[in-house]
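Me: I have a multi-chain model open and would like to go through its architecture. Could we take it piece by piece?

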Amino acid sequence: MLKLRVALSCAAALLIGVAGAHAEDTIKIGIIAPYSGQFADTGVQMDNGIKLFMQQHGDKAGGKKIELIRKDVGGIAPDVAKRLAQELIVRDKVDLLAGFILTPNAMAAGDVSAQAKKFMVVMNAATSVIIDKSPYMVRTSVTTPQINETYGAWVFKHGTKKVYTMVSDYGPGHDAEQAFHRGFKAAGGEIIGADRFPVANPDFSAFVQRAKNANPEAIYIWLPGGTQPAAIAKALAERGINPTNTKIFGQGELTLPEALKSMGDSAIGIITAFHYDYNHQSPTNKAFVEGFQKNFNRIPDIYAVGAYDGMHVIYGALDKTKGKTDGEALVAAAKGMAWESPRGPISIDPQTRDIINTIYIRKVEKVGGQLVNVEFDKVEKVKDPTHGMKK
Amino acid sequence: MISQIVGVLFDGLAYGMLLFLLSVGLSVTLGLMNFTNLAHGSFAMLGGYVTVTLMRGAGWPFLLTLPVAFVAAAVASVAFERTLFRRLYRATELNQVLFTIGLVFVMAAAAAYVFGTVTQPMKVPDYLQGSVRVWGINFAVYRLFLIGIALVITVLLVGALEMTRFGAQVRAAVDNQRMAKGLGIDVDTVFAITFALGSGLAGLGGALAIEIVGLDPSFGFQYLVYVLIVVAVGGLGSIGGSFAAAILLGVSDVAGKYYVPQVGAFLIYAIMVGLLFFRPAGLFGKR
Amino acid sequence: MDPHAWLARQTRWSGAEIGFWLAALLPFLLFPTYLTLASQIAITALFAVSLDLILGYAGIISLGHAVYFGIGAYTAGLLAKHGWGEPLTGLLAGAAAATLIGFLTGLIVVRVRQLALLMITLGLGFLAAEAANSMGRITGGADGLQGISVWKLFGVFEFDLYGYTSYAYSLAALFLVFLLSRRLVHSPFGLSLRGIRENQRRMPAIGAPSHRRLLKVYTIAACFAGIAGALLAQTTQTVSLETLGFQRSADVAVMLILGGTGRLYGGIIGAIIFMLARDQLADMNPQYWYFWIGMLLMAVVLFLPTGVLGGLARLVPQRWRTA
């Protein structure tokens, strides 16, 4: 009997403690990201970006203390993402939502943001239509068409007339393919072949052979990070396709640092387009990379920088509204914000609430004995092209 | 035209050989012990991580890490078998499946904890890279190496099975366990050794697979599916069955993706479902 | 005691059962901020019950049951997306689609056993997921189905942010399906299923040939799974590829083993334990959720192979036991 009473009083004390913790001068941010499962690494890097920002800029914004509540969505699970967003708002009483690596999750949470009128910052998910889900949403990462349509035009303007494309057969891959085709053809180029390989594709040899049969002057590849970039590069090398005889174009995932380590020198000369590389030469980036390496012993990537910039928007908006957290005020404050991010100059488009940034064209080169992506060209102030078009 | 077909067949063969190495152990232990060990893919993953760690951490040459990968996976499997698996030999199939799936989860999480969730970078030595050109066709050196190793192992396995006393004991135990015990064969030890061999081969397969398909903690799950397909199609307990099924699946997967890429992903599953429906015991299965 | 009387006695409602269903109403009063979670638990429990019918009672080990869940979800979702957002008819449409596919695939499934059965169900699962991915223009592919808007339930109750309507709707569906399953299981047909599970070869000898019965229960299980899927689509207004996926099939099998197969309530208890544990653990230590669930799974199989309910049943005196 005594034990029961002790247990009950402890429980009561805990409940009171928890309830009392929500003081009036705290702003709560609900972070939804995959911290476990297949995409766990992206969630970790995103979290590192958030932590670094708060470490460098303090934990106060708009005059109030910032508190983070993290929820693991586990992977692609829009029903879970939606529920987590609802619970964060209803149960934990967060003032705004942030995070979102994966598109289906961002879409589902967007509905909640619109329904509950909460400010939402998408720190990674790259599908264009996400931004339309809620008028209180901004994005600080990049969109797939931003990169690939621009790239298509660039590729033509720099001397390539015909391209064979190979992409992963799922949503983002299709987006990239269509964006690249649009940009390339609009500039005057010709697509001589377009293949799609299954998402879970251990062996690329068949697809590479098909590409080789077309004898292209250039191949464009889009695939997600992970094990595939190295695998396809090796498959290409096995067939004797390398940048000395065929131009190889890809989105930045193709030449991520881990992939480059596996590819070796056969990767030299691959040209990719991306919005961020840790080698970007700018003082802001240098400070960012140094801080990141010191704190987490890792190199920052697009997930880290998207989150870092997302926090910048949140802090900046809160400072402007002097701590007011309603969706309308925050999104109005965020629109048009422009600043120097580690990736370069970026801003939030006031019309679409989407990100405007610079797309860099990089080439793989050996610098100081290591393979790195060296930026040699860029296209500035790129907006998401699909929002200029009719739906 | 001919050169393309040859090229496709060669790639399919190499892919099939990889699948064979990864699967043969499971086929034999399933047929022998009737124990559904879905953690087989995780032993392959273990072999892969052993190789990567030795190469990057200790600077070992690739070829030298292969026997270590084999031994490490074999030892680990014996440890699990002695302590955990043997309690489940009488359990229902569902329980075995779920138990070993639990083990896959745990091993994947452990791999993520120790090595991180990133893909492990690895480069094989230069003499295994690149390709040789014969009759105008490019044959990748690494794939030739794979096929070579797989053939050697197949010969060794079949030889051991057909021509050694131990092999005879294994065959007897597969055909009729009770009878074999009645004849004085120490079925327990036969189990343990065969299980170790099978898992060791998986570990070797895992180490060899990294160059082609990459390594990260989800390896155990991803390749489990392909391994199960090979085992089911080939028939339990049959090395020849696994060999045939692996080649069939490897070649049809590559050929399918080459000639009709739109159905590339479907083909391997469709073949499996179709074949199992008409021959539930697999191509060479006994039950 | 004659068989019919025995069966009739099994169907009597015990005090614990009545208590359980009354307790299911508590979240409305005590935990209103957990209603969306409760709704998803109810849906998952419904799915688990449908799998128990074939796995626990008929002995069909399926690792691809999510196919029917996904078909129900996509059907209801597509209907709502293209203009017909009435929830109840959407639910029926989802169930009908799942039933049809369940019947067709069941024709193949019931003719195989053991490893072949496992592999065929697995293969069908992957085929369905690939098909859904390829038909991206219809299904929305990897991004998921968007633009689903569900009308008010009975024209009155809107699907709100807190989840009152969602939970009430899901709970009611779960209860109804549970009643039906209960009826099924405690009938001569249900008994024959258990006979098939124990010894399939003998059944024709006692006048109960197996294939047709297995097909019947498989189709019913597919129907119930479709209902669960349609509910998910309507209450969350999203549908994604993983509703068909292997992860979902595997998770529900795990829940069944946790709770105990062949006990109807086992699926419900297992779903509650699994989803609550994931919700709580995901907050504390998300990275290693897989580690803990793996350990739990291994522990349950080793030490409590009949699941939580099986273990509890052993504590209850013989005369109080029913199934």
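Reply: Certainly. One term is needed at the outset: two residues are in contact if their C-beta atoms, placed from the backbone, lie within 7 Å. Please also keep in mind that this is a predicted model.

Me: Understood. Which residues of H5(B) meet which residues of H6(B)?

Reply: On the H5(B) side they are B:Ala160, B:Leu161, B:Glu162 and B:Met163, and their partners in H6(B) are B:Phe166, B:Gly167, B:Val170 and B:Arg171. By character, the residues of this contact comprise 5 nonpolar, 1 polar and 2 charged.

Me: And at what angle do the two helices cross?

Reply: The axis of H5 (residues 141-163) of chain B crosses that of H6 (residues 165-175) of chain B at roughly 80°, and the two axes come within 5 Å. Since angles of 65 to 115 degrees count as roughly perpendicular, H5(B) and H6(B) are therefore roughly perpendicular to each other.

Me: Stepping back, how many helices and strands does chain B have?

Reply: Chain B has 11 helices and 2 strands. Along the sequence they follow the pattern α-α-α-α-β-β-α-α-α-α-α-α-α.

Me: What is the radius of gyration of chain B, and what does the globule rule give?

Reply: The radius of gyration of chain B is 19 Å, close to the 19 Å that the globule rule gives for 287 residues, so chain B is as compact as a globular protein of that length. The C-alpha trace of chain B spans about 60 × 45 × 35 Å along its principal axes. Of its 287 residues, 55% count as buried. Among contacts in chain B between residues at least 6 apart in sequence, 78% join residues at least 24 apart.

Me: How many residues of chain B are in contact with chain C?

Reply: Chain B contributes 29 residues, which are in contact with 30 residues of chain C. On the chain B side, helices H4 (93-115), H9 (219-234) and H11 (264-278) are the elements that give two or more residues. H4(B) gives the most, with 14 residues. That side of chain B divides into 25 nonpolar, 2 polar and 2 charged residues.

Me: And the contact of chain A with chain C: what does each chain put in?

Reply: There, 28 residues come from chain A and 26 residues from chain C. In chain A, strand E3 (64-72) and helices H3 (78-90), H4 (103-116) and H6 (171-187) each supply at least two residues. The chain A side consists of 12 nonpolar, 8 polar and 8 charged residues.

Me: Turning to the open sheet in chain A, what is the strand order?

Reply: The order is E2-E3-E1-E4-E5-E6 in an open sheet of 6 strands with mixed pairing. At the edges are E2 (60-61) and E6 (137-139) of chain A, each of which pairs on one side only.

Me: How do E4 and E5 of chain A run, parallel or antiparallel?

Reply: E4 (residues 96-99) and E5 (residues 119-122) of chain A run parallel and are joined by 4 bridges. In this pair, A:Ala98 stands opposite A:Val121 in E5(A).

Me: Where does H12 of chain A lie?

Reply: H12 (residues 327-334) of chain A lies across E4, E5 and E6 of chain A, and runs at about 45° to E5(A).

Me: Last item: what do E12 and E13 of chain A form?

Reply: E12(A) and E13(A) form a hairpin, with 2 residues between the strands. E12 (residues 338-341) and E13 (residues 344-348) of chain A pair in the antiparallel sense over 4 bridges. Within the hairpin, A:Glu340 stands opposite A:Pro345 in E13(A).

Technical notes
Residues are numbered from 1 along each chain as its sequence is written. Chains are lettered from A and ligands numbered from 1 in the order in which they are written. This is a predicted model: local features need pLDDT of at least 70, side-chain atom pairs count only at pLDDT 80 or more; totals for chains, interfaces and linings use all residues. Axes are lines fitted to C-alpha atoms, for helices over the stretch in contact, and angles run from 0 to 180 degrees between N-to-C directions. Angles under 35 degrees count as roughly parallel, over 145 as roughly antiparallel, 65 to 115 as roughly perpendicular and the rest as oblique. Ala, Val, Leu, Ile, Met, Phe, Trp, Tyr, Cys and Pro count as nonpolar, Asp, Glu, Lys and Arg as charged, and the others, Gly among them, as polar. The radius of gyration is taken over C-alpha atoms; the globule rule is 2.2 Å times the number of residues to the power 0.38. A residue is buried if 20 or more other C-beta atoms lie within 10 Å of its own, exposed if 12 or fewer, and partly exposed in between; C-beta atoms are placed from the backbone. Two strands pair if DSSP finds at least two bridges between them.
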